[in-house]
Amino acid sequence: DFDIICAENCSDSWTKFTNERLEMYVGNKDKFVAKHGEEVYRSLLSFYSFVGVVFEICANFIGLANDFD
């Protein structure tokens, strides 16, 4: 058994981080595609976009859950 002794909601900071990472990735598209190809770029673009959406959903869900405390 484990007891949670501390928890910190980092959803907002991780949402910001993942959105900034996505913007940086998109901004470096030409350089990335030249080195790794369009297919790899599109695959990682899907991943980075998905991760950003997941953190936004989690942040909203946690925010709603905290309203019921």
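In the predicted model, the buried residues of helix α1 are Ser11, Thr15, Thr18, Leu22 and Tyr25. These residues lie on the same side of α1, because the arc they cover around the axis is only 95°. The opposite face, turned away from the buried side, carries exposed residues, namely Asp12, Lys16, Glu23, Met24 and Gly27. The length of α1 was also checked against expectation: for its 17 residues, a rise of 1.5 Å a residue predicts a span of 24 Å, and the end C-alpha atoms are 24 Å apart, which agrees.

Thr15 is one of the residues on the buried side of α1. Its relative accessible area is 11%, and Thr15 is therefore classed as buried, the limit being under 20%. When neighbours within four places in sequence are left aside, the contacts of Thr15 are Phe55, Glu56 and Ala59. For one of these partners, Glu56, the separation in sequence is 41 residues, while the C-alpha to C-alpha distance to Thr15 is 5.9 Å.

The largest nonpolar core consists of 5 residues: Leu22, Tyr25, Phe32, Tyr41 and Tyr48. Two elements, α1 (11-27) and α3 (38-66), each give two or more residues to this core. Among the core members, Tyr41 is in contact with Tyr25, Val26, Lys29, Phe32 and Val33, again leaving aside neighbours within four places in sequence.

Aromatic pairing was examined over the whole structure, and the search finds 7 pairs. The rings of Tyr25 and Phe32 form an edge-to-face pair, since their planes are at 70° and their centres 5.1 Å apart. Tyr25 also pairs with Tyr41; here the centres are 4.8 Å apart and the planes meet at 15°, so this pair is stacked. Because Tyr25 belongs to helix α1 and Tyr41 to helix α3, the stacked pair ties together parts that are 16 residues apart in sequence. With regard to accessibility, Tyr25 counts as buried at 8%, and Phe32 counts as buried at 19%. Tyr25 and Tyr41 are both buried. Ring pairs further link Tyr25, Phe32, Tyr41, Phe47 and Tyr48 into a cluster.

Confidence was considered for the chain and for its elements. The protein chain has an average pLDDT of 86, and 88% of the residues score at least 70. Among the elements, the highest mean pLDDT, 98, belongs to helix α2 (residues 29-36), whereas the lowest, 85, belongs to α3. Helix α3 is also one of the elements that contribute two or more residues to the largest nonpolar core.

Note on methods. Residues are numbered from 1 along each chain as its sequence is written. This is a predicted model: local features need pLDDT of at least 70, side-chain atom pairs count only at pLDDT 80 or more; totals for chains, interfaces and linings use all residues. Side-chain values use heavy atoms; hydrogens and water are left out. A nonpolar core is a set of buried Ala, Val, Leu, Ile, Met, Phe, Trp, Tyr and Cys residues joined through side-chain atoms within 4.5 Å. Buried means under 20% relative accessible area, exposed over 50%, partly exposed in between (1.4 Å probe, protein chains only). Helices (H or I, at least four residues) and strands (E, at least two) are DSSP runs, numbered from the N terminus. Contact means heavy atoms within 4.5 Å. The expected span of a helix is 1.5 Å times one less than its number of residues. The arc is that of the directions from the helix axis to the C-beta atoms. Rings of Phe, Tyr and Trp (its six-membered ring) pair if their centres lie within 6.5 Å; planes under 30 degrees apart count as stacked, over 60 as edge-to-face and the rest as tilted. pLDDT is the predictor's confidence in each residue, from 0 to 100.
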